[in-house]
Amino acid sequence: MRTVPAGRWWNAVRVPLALGTPALLSLGDDTGAVIKDGYGKILYWLIPPGDAGDWRLPDVQVLGPGSHVAVPPLRRTSGPGLYWRVPLSRDRYWTDSELLRQALSAAAVASAL
């Protein structure tokens with residue numbers, strides 16, 4: 001595992017597992033790479049750098065310049081601890097920011113019901 005600065009190659013969207021799991025299911029094949037912190041019950045999506053800085057979603061934190069994210073080795077695809085919930089690959093890197101925002105907004109509304 002290594003700590004990588006956000007904002008250069010990607011921004012990261014940090015979401016509690018309870019909110020992130022339904023969003024991940026909603027995105028399906030449209031999701032990009034996702035890191036799971038099994039101990040902290042957190043999901044991190046990678047999105048294009050500079051995206052989502054103006055988001056105001058409950059329990060969602062956008063990590064850009066000035067932030068760092070712990071990134072597991074590419075081969076680490078299961079827990080415990082930090083691993084790739086959706087592995088990084090040539091075909092699966094960034095998640096479309098607008099699709100992710102929609103999925104997280106829908107998950108937040110559903111959890112409030």
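Here's a quick tour of this structure's sheet, its two numbered helices and its nonpolar cores. Keep in mind that the model is predicted. At the heart of the tour is an open sheet of 5 strands, with helix 1 packing on the sheet and helix 2 packing on it too.

**The sheet**

- Reading across the sheet, the strand order is 5-2-4-3-7, and the pairing is antiparallel.
- Strand 5 (61–63) and strand 7 (82–86) sit at the edges, so to speak: each of them pairs on one side only.
- From one strand to the next, the twist averages 30°.
- As background, strands of a sheet pair through backbone hydrogen bonds, and they can do so in a parallel or an antiparallel way.

**Strand 4 and its neighbours**

- How many residues of strand 4 are buried? The count is 6 of its 6 residues, so strand 4 is mostly covered.
- In a regular strand, side chains alternate between the two faces of the sheet.
- You can spot two sets of side chains in strand 4: Ile-42, Tyr-44 and Leu-46 point one way, while Leu-43, Trp-45 and Ile-47 point the other way, and all are buried.
- On one side, strand 4 is joined to strand 2 by 6 bridges, and the two run antiparallel.
- Want to trace that pairing yourself? Val-15 has Leu-43 of strand 4 as its bridge partner, and Asn-11 has Ile-47.
- Strand 3 is joined to strand 4 by 4 bridges, again running antiparallel, and here Asp-37 stands opposite Ile-42.
- Strand 3 and strand 4 form a hairpin with 4 residues between the strands, and in this hairpin Lys-41 takes a positive phi near 55°.

**Helix 1**

- Helix 1 touches strand 2, strand 3 (34–37), strand 4 and strand 7 as it packs on the sheet, and its direction makes about 45° with that of strand 4.
- Which residues of helix 1 are buried? They are Leu-19, Gly-20, Ala-23, Leu-24 and Leu-27.
- Looking down the axis of helix 1, you'd find these buried residues within an arc of 125°, so they line one face of the helix.
- Over on the other side of helix 1, Ala-18, Leu-25 and Ser-26 are exposed.
- The buried residues of helix 1 pack against strand 2, strand 3, strand 4, strand 7 and also helix 2.
- Right after helix 1 comes Gly-28, which has a positive phi near 55°.

**Helix 2**

- Helix 2 packs on the sheet by touching strand 2 and strand 4, and its direction makes about 150° with that of strand 4.

**The nonpolar cores**

- The largest nonpolar core has 20 residues, and the ones touching the most other members are Val-13, Trp-45, Trp-55, Val-60, Leu-100 and Leu-104.
- Strand 2 (11–16), helix 1 (17–27), strand 4 (42–47) and helix 2 (97–112) are the elements that give two or more residues to this core.
- Which element gives the most to this core? Helix 2 does, with 5 residues.
- Take a look at Trp-55: leaving aside residues up to four places away in sequence, Trp-55 touches Val-13, Val-60, Val-62, Ser-97, Leu-100, Arg-101 and Leu-104.
- There's also a second, separate core of 14 residues, including Val-4, Ala-33, Tyr-44 and Leu-63.

Key
Residues numbered from 1 in each chain as written. Predicted model: local features only at pLDDT ≥ 70, side-chain atom pairs only at ≥ 80, totals over all residues. Heavy atoms only, no water. Core = buried A, V, L, I, M, F, W, Y, C linked by side-chain atoms within 4.5 Å. Buried < 20%, exposed > 50% of the residue type's maximum accessible area, 1.4 Å probe, protein only. Contact = heavy atoms within 4.5 Å. Pairing = 2+ DSSP bridges. Axes fitted to C-alpha atoms, helices over the stretch in contact; angles between N-to-C directions. Arc of directions from axis to C-beta.
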